[in-house]
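The following exercises introduce a structure through short tasks. Each task is followed by a solution that proceeds step by step.

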Amino acid sequence: MLKPLACLFVALCLSGCETVQPWERGTLAKPGMQWQTDPMEISLQAQINASKEASSGGQGAAGGGCGCN
Amino acid sequence: MSGPADKRPTLLALTSSALLLPAYQGVRADAAPEFIELGMRYSKYEEDNTQGSKTFGGSSQRYDIDAAQFHLLAPVADNWAVAVDVQWEDMSGASPWFVGQSLDGGPKVIMSGASIEDTRTEVSVTTRYYYDRGNAGLNYVRSKEDDYDSNAIALDGSFNSADGMTTYSGAISTSRDDIEPTQGSVPTNTLKNDKDISSAWIGVSRIVSKNAIVRFGLAYTYREGFLTDPYKKNDKRPGERNEWAFSTGYRHYFFWPDGALQADYRYFDDDWGVASHTLNLAWHQNLWRDTQLIPFARYYSQGEADFFANIADTDKRYYADDYRLSSFGAVTVGLRVRQQIGNWAITAVGERYETDESWGVYSGDESPALVNYWRYSFGLDYVFR
């Protein structure tokens, strides 16, 4: 049930965008608009969360593990 | 309204850089770095002691970890860059060994007793090639501990649509992990073993408006081999695990008060019966020209694995009393501050993570071993302009 709803949600979001010309994209380059503003911080947070919870990943391929308890 | 016909020189400069801006951005934008960048972080991670009422033998200290991270990004040609990341950790403390039944019938945790000491060193090397409408990277990671050795390789790429409004991304990875538990204060459930992890991810991102961007991703991970925790007394898990994760993210910039909303959500599901929801929210506030104040919050809720029980039934095929496989909810709140001073940047972060079974959206027995922690980080970055 969730998967069809997720697909519909994605399709609606992607089709509902206005065309933004290249010279109108300056705001999108601001630091707060990046997907990862601090890669070292994101990496450490992901590692800690994965070592304390049963789920991990979702933002890329999984990579290797560690013996973190 | 501006258009191509009335572009001034300054606007042309902006246009040139904006043309390189992809809808999807990973660690770096599509344009290769122009300067060498160096970064370091020191982090202190401290878990709360396990409450005396939840343990046999009274209050028990849990993990303390010191972590140091180093990052180097260097252009090696016009369209080619290399990144090296090194992370070193020193950990000490005790972890839950098993859960037993107290005289009043409730579950209580037995800790591993003597303090565990371990260090971990991780080295990651990434080479990335930038082409007209995207980039591709190859990454190798080696992680080494006294009792754990992991080698992983990953390949990723992204490709922008002709109008630059949409970016399609993908990544694959594989790893081989070897486990050789340290024989110490508690007996382990294996002497030597291994596991393999394979993963694939696809993503699409899209510019929604002049000040908003959205992305979606789908990940699949397959684990095979020894997936049991070697240091847990009552732990025997299946030798395979299939995981799926759907994620979405949104960024919206507000001209007043010169800040950006960052929202990310992930739904996770696997064939062990675990499902989870994760919501991350952050507000990226610009103050003056060189200061950023970033409060953030995270909500996490997971449902327990099919074979989890507080008092494990060791007659079953699979069993575990590991709190990480139980149902619980977790809330993180924190603050990150970044100050730019010339070519230098100083970063400081503090966060608090708390768990409770009643905070989750899934029902289940509350594990007595749930963990709360504090984490502080301090960092310096330098760009060789």
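**Exercise 1: A helix and its buried side**

Task: Determine whether the end-to-end distance of helix 2 of chain A in this predicted model agrees or disagrees with the expected span.

Solution. Helix 2 of chain A has 14 residues, which at 1.5 Å a residue should span 20 Å. The C-alpha atoms at its ends lie 20 Å apart, so the two values agree.

Task: Identify the buried residues of helix 2 of chain A and state how they are placed around the axis.

Solution. The buried residues are A:Met40, A:Glu41, A:Leu44, A:Gln45, A:Ile48 and A:Lys52. Because their arc around the axis is only 130 degrees, they lie on the same side of helix 2 of chain A. Their cover includes strand 1 (36-47), strand 2, strand 19 (344-356) and strand 20 (373-384) of chain B.

**Exercise 2: The largest nonpolar core**

Task: State which residues touch the most other members of the largest nonpolar core, and which element gives the most to this core.

Solution. This core has 25 residues, of which B:Tyr45, B:Ile65, B:Ala369 and B:Leu370 touch the most other members. Helix 2 of chain A gives the most to the core, namely three residues.

**Exercise 3: The contact between the chains**

Task: Describe the side of chain B that touches chain A by residue class.

Solution. In chain B, 83 residues are in contact with 47 residues of chain A. Strand 10 (residues 193-209) of chain B gives the most to this side, with eight residues. By class, the side of chain B that touches chain A holds 38 nonpolar, 31 polar and 14 charged residues.

Terms used: Residues numbered from 1 in each chain as written. Chains lettered and ligands numbered in written order. Predicted model: local features only at pLDDT ≥ 70, side-chain atom pairs only at ≥ 80, totals over all residues. Contact = placed C-beta atoms within 7 Å. Helix = DSSP H or I, 4+ residues; strand = E, 2+ residues; numbered from the N terminus. Nonpolar A, V, L, I, M, F, W, Y, C, P; charged D, E, K, R; others polar. Core = buried A, V, L, I, M, F, W, Y, C linked by C-beta atoms within 7 Å. Buried ≥ 20, exposed ≤ 12 C-beta atoms within 10 Å, placed from the backbone. Expected span 1.5 Å × (residues − 1). Arc of directions from axis to C-beta.
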